[in-house]
Amino acid sequence: MIKISNLSKNFNGETVLNNISIEIQDKEVVAIIGSSGAGKSTLLRSINYLVEADSGQLQIGDTRVDFEKITKDQILQLRRMTAMVFQQFNLFERRTVLKNVMEGLTQVKKLSKEEAEKIARDELIKVGLADRMNYFPKFLSGGQKQRVGIARALAMKPELLLLDEPTSALDPELVGEVQESIIQAAHQGQTMLLVSHEMDFVYEVANKVFFLDQGKIVEFGNPKNIFNNPKSDRLKQFLSNNKRFGV
């Protein structure tokens, strides 16, 4: 189980996250939705300490961290237990697709090149890129680049996969192939925390949904209740422009 407790973050005196608490069960997909500036990406980045949270606690399995007292060793441990898929792919342009996926395995997990290559090949096959392993990123579409990012993250066998708007930088016709890779990972039991503005996709893939507004959790529940029976006026307003879920 993964437990986030009372997580808070301020930027220049402005509260971005206000006592956020979330529990994620093993093999569960939890989605965070909300308007731009609500604090969604900051929340994800706080979990693996790409953003330094001001206070709060995080438990992943038997590992417990207090962000006010976090050590360098604990930061490294968090980053070994989590993996992130970014909006902008963040691939090494001068390395092949295969070498991109191998990088974390050899540098962070200290696997041999042979072990890393086997794992990388397996993950690339799963996301449908068996024929692109020796390509450089500049020869890939945006959807293919993001699937490399997903394969790279999954290759690390993370306790928690963090996905920060994984389709937001893609042309509409490329969104589906990336979503399908995420759905496949969910079916294989990967625990995930997903930030997305694609409400139809969230409805399909998530077990639980948290609505974040101005750094606070306003409402949470299963997708059916959140999207079809919102309680708060703010969530109703947020969903009002969505053709499927507008109320």
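Are Y49 and F67 buried or exposed? In this predicted model, Y49 is buried, and F67 is buried as well. The briefing below takes up the aromatic pairs, the charged groups placed over rings, the nonpolar cores and the position of N90.

**Aromatic pairs**

- Across the whole structure, a search finds 4 aromatic pairs, and two of them are described here.
- The ring centres of Y49 and F67 lie 6.2 Å apart with their planes at 0°, and the pair therefore counts as stacked, given that planes under 30 degrees apart are classed in this way.
- This pair links distant parts of the chain, since Y49 belongs to the loop between α1 (40-47) and β4 (55-60), while F67 belongs to the loop between β5 (63-66) and α2 (72-81), 18 residues apart.
- F210 and F220 form a stacked pair because their ring centres are 5.0 Å apart and their planes stand at 10°.
- Here too the pair links distant parts of the chain, with F210 in strand β9 (residues 208-213) and F220 in strand β10 (residues 216-221), 10 residues apart.
- The two partners are not equally accessible: F210 is buried, with a relative accessible area of 4%, whereas F220 is exposed, with a relative accessible area of 55%.

**Charged groups over rings**

- R95 places its charged end over the ring of F92, at 4.5 Å from the ring centre.
- In a separate case, the charged end of R132 sits over the ring of Y135, 4.7 Å from the centre of that ring.

**Nonpolar cores**

- The largest nonpolar core is made up of 49 residues, and those with the most contacts inside it are I33, L124, L161, M192, V202, V209 and F227.
- Helix α6 (residues 172-187) supplies the largest share of this core, namely 7 residues.
- Leaving aside residues up to four places away in sequence, V209 touches A31, I33, V202, E219, F220, G221, P223, I226 and F227, and its contacts therefore include F220, a partner in the stacked pair with F210.
- Apart from the largest core lies another core, of 30 residues, among them I32, Y49, V65 and L162; Y49 is also a member of the stacked pair with F67.

**The position of N90**

- N90 is found in the loop between β6 (82-85) and α3 (97-107).
- With a relative accessible area of 44%, N90 is partly exposed, because that class covers values between the 20% limit for buried and the 50% limit for exposed residues.
- From C-alpha to C-alpha, N90 and T42 are 18 Å apart in space, and they are 48 residues apart in sequence.

Key
Residues are numbered from 1 along each chain as its sequence is written. This is a predicted model: local features need pLDDT of at least 70, side-chain atom pairs count only at pLDDT 80 or more; totals for chains, interfaces and linings use all residues. Side-chain values use heavy atoms; hydrogens and water are left out. Rings of Phe, Tyr and Trp (its six-membered ring) pair if their centres lie within 6.5 Å; planes under 30 degrees apart count as stacked, over 60 as edge-to-face and the rest as tilted. Helices (H or I, at least four residues) and strands (E, at least two) are DSSP runs, numbered from the N terminus. Buried means under 20% relative accessible area, exposed over 50%, partly exposed in between (1.4 Å probe, protein chains only). A charge sits over a ring if NZ of Lys or CZ of Arg is within 6 Å of the ring centre and within 35 degrees of the ring normal. A nonpolar core is a set of buried Ala, Val, Leu, Ile, Met, Phe, Trp, Tyr and Cys residues joined through side-chain atoms within 4.5 Å. Contact means heavy atoms within 4.5 Å.
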